[in-house]
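The following exercises concern one protein structure and are solved step by step. Please inspect the sequence and the model before reading the solutions.

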Amino acid sequence: MARIYSFEGTVPVVHPTAFVHPDAVLIGSVDIGPGCYVGPLASLRGDFGHIELRAGCNVQDGCVLHCFPGADTVVEEDGHVGHGSVLHGCRVGRDSLIGMKSVLMDGVVVGRQAFVGAGSFVKSRFQVPERHLVAGSPAKVLRELTAEEIAWKGNGTLQYQKLAQRCLSGLRPATAATERTAPVTSAATGEPEHVTLHAYRSR
């Protein structure tokens with residue numbers, strides 16, 4: 001289990017079906033819902049306000065979630081937060097995607113099934129319309145999403161939900177081998193794999 005810290009008597013809550021990597025850090029007022037995945041080096045710091053991941057979310061490697069006193073940072077059901085993103089006092093709507101290395105500032109609300117493009121800076125109190133793509137620094141609304149793009153996102157989130165369960169049963173500390181003694185094989189389980197949007201479109 002992750003590095004868990006009580007803060008002034010408040011202890012993080014992690015649902016037993018969620019996976020939180022041992023090198024992630026949870027502090028204080030943090031709630032992790034059913035089936036969530038929290039990657040290595042993620043920091044969810046509920047020392048000022050409350051941090052909440054609802055059912056089926058994933059928060060990937062190196063993400064930071066925090067907020068000002070009295071505020072919340074919430075990722076709603078099936079939210080998908082890419083590697084290295086920062087969420088501060090914002091709300092990510094149900095089934096939405098936050099691209100890698102994005103920054104969402106205080107008061108941002110991401111609508112249901114919306115995308116924030118990788119590397120975006122979303123300024124305070126910006127409203128991302130549901131089922132739309134925003135991107136840039138500062139982020140701007142670019143266009144409505146297609147059904148295909150939303151389906152691609154849904155498949156990616158499903159793979160992280162399955163990964164959470166695989167990690168609960170199959171991730172263990174180990175000592176590195178000094179050489180590879182068997183052929184390298186895919187970690188795929190026979191389920192639809194998660195691929196880039198370009199590759200998904202060309203299937």
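**Exercise 1. Locate P138 and state the geometry of the peptide bond that leads into it.**

Step 1. P138 sits in the loop between strand 19 (132-136) and strand 20 (139-144). Helices (H or I, at least four residues) and strands (E, at least two) are DSSP runs, numbered from the N terminus.

Step 2. The peptide bond from S137 to P138 is cis, and its omega is near 0°.

Two remarks on conventions apply throughout. This is a predicted model, in which local features need pLDDT of at least 70, side-chain atom pairs count only at pLDDT 80 or more, and totals for chains, interfaces and linings use all residues. Residues are numbered from 1 along each chain as its sequence is written, and side-chain values use heavy atoms, with hydrogens and water left out.

**Exercise 2. Describe the backbone and the surroundings of L41 and D95, two residues with positive phi.**

Step 1. L41 belongs to the loop between strand 5 (37-38) and strand 6 (43-53). Its phi is near 70°, a positive value in a residue other than glycine.

Step 2. D95 is placed in the loop between strand 12 and strand 13. Although D95 is not a glycine, its phi is positive, at about 65°.

Step 3. Accessibility is then assigned by class: buried means under 20% relative accessible area, exposed over 50%, and partly exposed in between (1.4 Å probe, protein chains only). L41 is exposed, at 62%, whereas D95 is buried, at 15%.

**Exercise 3. How many salt bridges does the structure hold, and which parts does the pair D95 and K153 tie together?**

Step 1. The criterion is a side-chain nitrogen of Lys or Arg within 4 Å of a carboxyl oxygen of Asp or Glu. The structure holds six such salt bridges.

Step 2. One of them joins the side chains of D95 and K153, with an N to O distance of 2.7 Å. D95 lies in the loop between strand 12 (91-92) and strand 13 (97-98) and K153 in helix 1 (residues 147-170), so the pair ties together parts that are 58 residues apart in sequence. K153 counts as buried, with a relative accessibility of 2%.

Step 3. Another salt bridge links D47 and R45 at 2.7 Å, N to O. Here D47 is buried at 19%, while R45 is partly exposed at 31%.

Step 4. R54 and E52 also form a salt bridge, at 3.1 Å, N to O. R54 is partly exposed at 24%, and E52 is partly exposed at 21%.

**Exercise 4. Characterise the environment of S96.**

Step 1. S96 lies in the loop between strand 12 and strand 13. Its relative accessible area is 0%, so S96 is buried.

Step 2. A polar atom of the S96 side chain lies 3.0 Å from the backbone nitrogen of A114.

Step 3. Contact means heavy atoms within 4.5 Å. Leaving aside neighbours within four places in sequence, the contacts of S96 include D78, H80, R112, A114 and K153.

**Exercise 5. Place V116 in the fold and list its contacts.**

Step 1. V116 is part of strand 16 and is buried, at 2% relative accessibility.

Step 2. Neighbours within four places in sequence aside, V116 is in contact with L97, I98, G99, S102, L104, V110, V122 and V134.

Step 3. The C-alpha atoms of V116 and V81 are separated by 9.6 Å, the two residues being 35 residues apart along the chain.

**Exercise 6. Which elements line the largest pocket, and what classes of residue are found there?**

Step 1. A pocket is defined on a 1 Å grid over the protein atoms alone, as an open set of points where a 1.4 Å probe fits, with protein on both sides within 12 Å along at least five of seven lines; lining residues have an atom within 4 Å of a point. Grid points are joined across faces, edges and corners, and a volume is the space filled by probe spheres set on the points.

Step 2. The largest pocket has a volume of about 410 Å³. Of its 22 lining residues, L97, G99, M100, W152 and H194 are the closest to the centre.

Step 3. Strand 13, strand 16 (115-116) and helix 1 are the elements that give two or more residues to this lining. Helix 1 gives the most, with five residues.

Step 4. The lining has eleven nonpolar, eight polar and three charged residues. In this scheme Ala, Val, Leu, Ile, Met, Phe, Trp, Tyr, Cys and Pro count as nonpolar, Asp, Glu, Lys and Arg as charged, and the others, Gly among them, as polar.

Definitions and conventions. A polar contact is a pair of N or O atoms within 3.5 Å; within protein, one must be able to donate a hydrogen and the other to accept it, and residues adjacent in sequence count only if both atoms are side-chain atoms.
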